[in-house]
Amino acid sequence: DLARVVATAHPCLPVGLLASAEVLAALGRPEEALERVQASETIAGRVHGLDSVPFAVTRVARAGLDRSMGRVAEAVEALDSAVSTLLRTGDEEHLGGVLLLLGEVHTETGDLIRAVDTLQWALGVEEEALGTESPQLLPILKALSHASLLLSGPGSSCLVPLHRAARILTQPFRNGHCHGPTAPQADEVRKVMVELSELQEDCGLKTEAMETLQTARRLGLLSAQPHPDAACSEGDKSRLEQ
């Protein structure tokens, strides 16, 4: 049984338990999944110590499961714990991603000041590790723009990160590395460009909004075939075609 498994405290068990928890959660058995995650936490703490990256990883998994079950307070607590552990261990490889998750949870709960602060922290950590033009910054930039928009309304605080995201996404097309972009990539670029132009209009920047759409046309985004999984709506496409 699970208690006997935990008692063995084999170093490989936390990974296996987390994998089985993910399967159980996908099967709609969250309570059983939670038991596996808790067992993984216990073993990771015993084998690696509470101030270790493996233990922090189990806390992040716990947060994801709590979040899916609507246990937001528990998710925040687990993510806060993981951040503290990563800071104590000096591990920055995982820190930015955990901060992004924490910022997203704060956004979902309406704790917007804390969400923006956390996402700005995440951005700083990842910029230091990856540089300021890395595509890996895109999830943080978009999350930061969204949280800033909810907090302060249309303005530079939400425009700046979204504009950076658009610049990073379009760079391969600007420098000629992409000719007639593949559909999934074009869909993502198109969606961000439309969102940016709408936000610019909301801020009264009509000239900039028009330039954003003209850039989308110039990069050949309208010629790409929509990908079946594209998030870009028909309304977005018609807007680009106007």
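This briefing describes the fold, confidence, helices and cysteines of a predicted protein model. The protein has twelve helices and zero strands, where helices (H or I, at least four residues) and strands (E, at least two) are DSSP runs numbered from the N terminus. Residues are numbered from 1 along each chain as its sequence is written, and side-chain values use heavy atoms, with hydrogens and water left out. Because this is a predicted model, local features need pLDDT of at least 70 and side-chain atom pairs count only at pLDDT 80 or more, while totals for chains, interfaces and linings use all residues.

**Overall fold and surface**

- Along the sequence, the pattern reads α-α-α-α-α-α-α-α-α-α-α-α.
- Of the 242 residues in the protein, 43% are buried; buried means under 20% relative accessible area, exposed over 50%, and partly exposed in between (1.4 Å probe, protein chains only).
- Among contacts in the protein with a separation of 6 or more, 60% join residues 24 or more positions apart, a contact being heavy atoms within 4.5 Å.
- About 12300 Å² of the protein is exposed, and carbon and sulfur atoms supply 54% of that area; accessible areas come from the Shrake-Rupley method with a 1.4 Å probe, and for residues only the protein chains shown count as cover.

**Confidence**

- The mean pLDDT of the protein is 83, and 82% of its residues reach 70 or more; pLDDT is the predictor's confidence in each residue, from 0 to 100.
- Over residues 1-7, pLDDT stays under 50, and the model has eleven contacts beyond four places in sequence for this segment.
- Residues 224-237 also have pLDDT under 50 throughout, with 21 contacts beyond four places in sequence.
- Where pLDDT is low, the predicted coordinates should not be read in detail.

**Helix 4**

- Helix 4 (residues 53-68) has 16 residues and should span 22 Å at 1.5 Å a residue, which agrees with the 23 Å between its end C-alpha atoms; the expected span is 1.5 Å times one less than the number of residues.
- Its buried residues are F55, A56, T58, R59, R62, A63, L65 and D66.
- G70 follows helix 4 and has a positive phi, near 80°.

**Helix 6 and its cover**

- The 15 residues of helix 6 (residues 95-109) reach 21 Å from first C-alpha to last, close to the 21 Å expected at 1.5 Å a residue.
- Buried positions in helix 6 are L95, G96, V98, L99, L100, L102, G103, V105, H106 and T107.
- The cover over these buried residues includes helix 4, helix 5 (72-89), helix 7 (112-130) and helix 8 (138-152).
- G110, just after helix 6, takes a positive phi of about 85°.

**T118 in helix 7**

- T118 lies in helix 7 and is buried, with a relative accessible area of 7%.
- Beyond its neighbours within four places in sequence, T118 is in contact with L99, L102, G103 and H106.
- The C-alpha atoms of T118 and L100 are separated by 7.3 Å, with the two residues 18 apart along the chain.

**Cysteines**

- The structure holds zero disulfides, a disulfide being a pair of cysteine sulfur atoms within 2.5 Å.
- The closest cysteine sulfur to that of C158 is in C203, and the separation of 5.4 Å is too far for a bond.
- C158 counts as buried because its relative accessibility is 0%.
- C203 is partly exposed, with a relative accessible area of 26%.
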